[in-house]
Structures are given as C-alpha cells and as structure tokens.
Amino acid sequence: MEHHEAHAHHHNTSHEGHDVHEGHAPGKASWSMAMKATLHCLTGCAIGEILGMIIGTALGWGNAPTMVLAIALAFFFGYSLTLWAVVRAGLSLKAAVGVALAADTLSILVMEIVDNGVLLLVPGAMDAHLSDALFWGALAFAFLVAFLITTPVNKWLIGRGKGHAVVHRYHH
C-alpha cells in the first residue's frame, strides 16, 4: 500500500498501463460506490442543465441552442465538482484537470446522451416552459432514467480502475 500512496501523491496523472493499483484492483467496484459516483455526476449535470435551460429560456432562445448551452454547462459543473474535491485533496489545478477529465468524461457523456434523449422522446417536453409541471416532471424522469443507465457504466469503469476510481486515488 505504501507504493500506491507514494504513486498516488506523486503529481503524475498518467496511469496508462497501470490498470491494477493496490486497493483499486479490477472487479472491486460495489453498486454503492457506482451509485455514489453516478449521483455525483448527476448533481453536476443537473445544475448545469437547469441553469442552461433557465438562461436559454430567459434569452428567448430556441430548443437547439438552449440544449447546447445546457449540455455545455452540465459538463462544466460536472467537471467542476470533481476539480473542487481533488484540489482540496492537495492536487495542483493542472493535475486536478487531468483527474476530472479522466474521472468524469464518459459518465457525463452517457448521462447527457440519455437524459437529453429521454427529453426529446417525451411528448411536449421540449416545448414546455419552466413554469409547467410537464417540464419538471419530464426532467425528473429523464434524470432518473439517466441515473439508472449510467450507474452500471460507472460500476464497470470503477471496476477497471477508471472513472471515479481515479478520484478515489486522491482521497486517503
């Protein structure tokens, strides 16, 4: 374990070829761990998406530019939550950016594809206003479906020492 701690606290974020670290061996991911990682991802995505929808609506934008802004902000806030956590754990900002990109990209991507896909499929959801129950109901449903689909993805990633397992290397 001492080798792992020394390796983790060295500011080398390249872990290519190191699929197995002590304490992060493949197959060790629990559903609880995957659900926590997905909830973390969902939190950042929800903040960004809702903010993007509010801004797009306030500016009178159409569905497509509002969705693009919401997705961009979902990635921004998703990465920001991880950046904040690993910088607090002692990483430099440069190293933290590498960790956030490695930890969150696939999770946020899957989350965004699923929840926006669900919103596109729910009749009337894209034209609902922020004051409509349909808007909030469809959004909650979309986030739920995205959570259910992204959790196994995160379990798979963590089980291979990827995704949020990258973040956990810096939390001792």
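Buried means under 20% relative accessible area, exposed over 50%, and partly exposed anything in between, taken with a 1.4 Å probe and protein chains only. Keep that scale to hand for the tour.

You are looking at a predicted model, in which local features need pLDDT of at least 70 and side-chain atom pairs count only at pLDDT 80 or more, while totals for chains, interfaces and linings use all residues. Residues are numbered from 1 along each chain as its sequence is written, and side-chain values use heavy atoms, with hydrogens and water left out.

**Start with the whole chain**

Switch to cartoon view. The protein has six helices and zero strands, where helices (H or I, at least four residues) and strands (E, at least two) are DSSP runs numbered from the N terminus. Along the sequence the pattern reads α-α-α-α-α-α. Of the 172 residues, 42% are buried. Contact here means heavy atoms within 4.5 Å; among contacts with a separation of 6 or more, 70% are between residues 24 or more positions apart.

Now turn on the surface. The accessible area is about 9,000 Å², and carbon and sulfur atoms account for 70% of it; such areas come from the Shrake-Rupley method with a 1.4 Å probe, and for residues only the protein chains shown count as cover.

**Stop 1: the outside of helix 2**

Select Leu51, Ile55, Leu59 and Trp61. Together they make a nonpolar surface patch of about 350 Å². Patches are built from residues with over 30% relative accessible area and no salt bridge, joining like charges within 9 Å and nonpolar side chains (Val, Leu, Ile, Met, Phe, Trp, Tyr) within 5 Å. A salt bridge is a side-chain nitrogen of Lys or Arg within 4 Å of a carboxyl oxygen of Asp or Glu. Leu51 sits in helix 2. Because its relative accessible area is 33%, Leu51 counts as partly exposed.

**Stop 2: the core**

Hide the surface and select Cys45, Met53, Ile108, Met111, Leu119 and Leu139. These are the residues with the most contacts inside the largest nonpolar core, which has 26 residues. A nonpolar core is a set of buried Ala, Val, Leu, Ile, Met, Phe, Trp, Tyr and Cys residues joined through side-chain atoms within 4.5 Å. Helix 2 (31-58), helix 3 (63-88), helix 4 (93-121) and helix 5 (133-159) each supply at least two residues of this core. There is also a second, separate core of eight residues, including Val86, Ala95, Ala103 and Val167.

Which residues does Leu119 touch, leaving aside its neighbours within four places in sequence? Its partners are Met53, Ala125, Met126, Ala138, Leu139 and Ala142.

Step from there to Ala138, in helix 5. Ala138 is buried, because its relative accessible area is 5%. Beyond its neighbours within four places, Ala138 contacts Leu119, Val122 and Ala125. Draw a distance to Met126, too: the two C-alpha atoms, twelve residues apart along the chain, are separated by 9.2 Å.

**Stop 3: two cysteines**

Select Cys41 and Cys45. How many disulfides does the structure hold? It holds zero, a disulfide being a pair of cysteine sulfur atoms within 2.5 Å. For Cys41, the nearest cysteine sulfur is that of Cys45, 4.0 Å away. Cys41 counts as buried because its relative accessibility is 3%, and Cys45 counts as buried at 0%.

Cys41 also leads to Ser107: leaving aside neighbours within four places in sequence, Ser107 is in contact with Cys41, Thr150 and Asn154. Ser107 lies in helix 4 and is buried, with a relative accessible area of 1%.

**Stop 4: partly exposed positions**

Move one residue back to Leu106, which is also in helix 4. Buried or partly exposed? Leu106 is partly exposed, because its relative accessible area is 36%. With neighbours within four places set aside, Leu106 touches Val153 and Leu157. Its C-alpha lies 7.6 Å from that of Gly163, 57 residues apart in sequence.

Next, select Trp136 in helix 5. Trp136 is partly exposed at 38% relative accessible area, and its contacts outside four places in sequence are Ile50 and Leu130. Between Trp136 and Ala125, eleven residues apart in sequence, the C-alpha distance is 8.9 Å.

Finish at Gly62, in the loop between helix 2 and helix 3. Gly62 is partly exposed, with a relative accessible area of 38%. Its C-alpha and that of Asp127 are separated by 9.2 Å, with their positions 65 residues apart along the chain.
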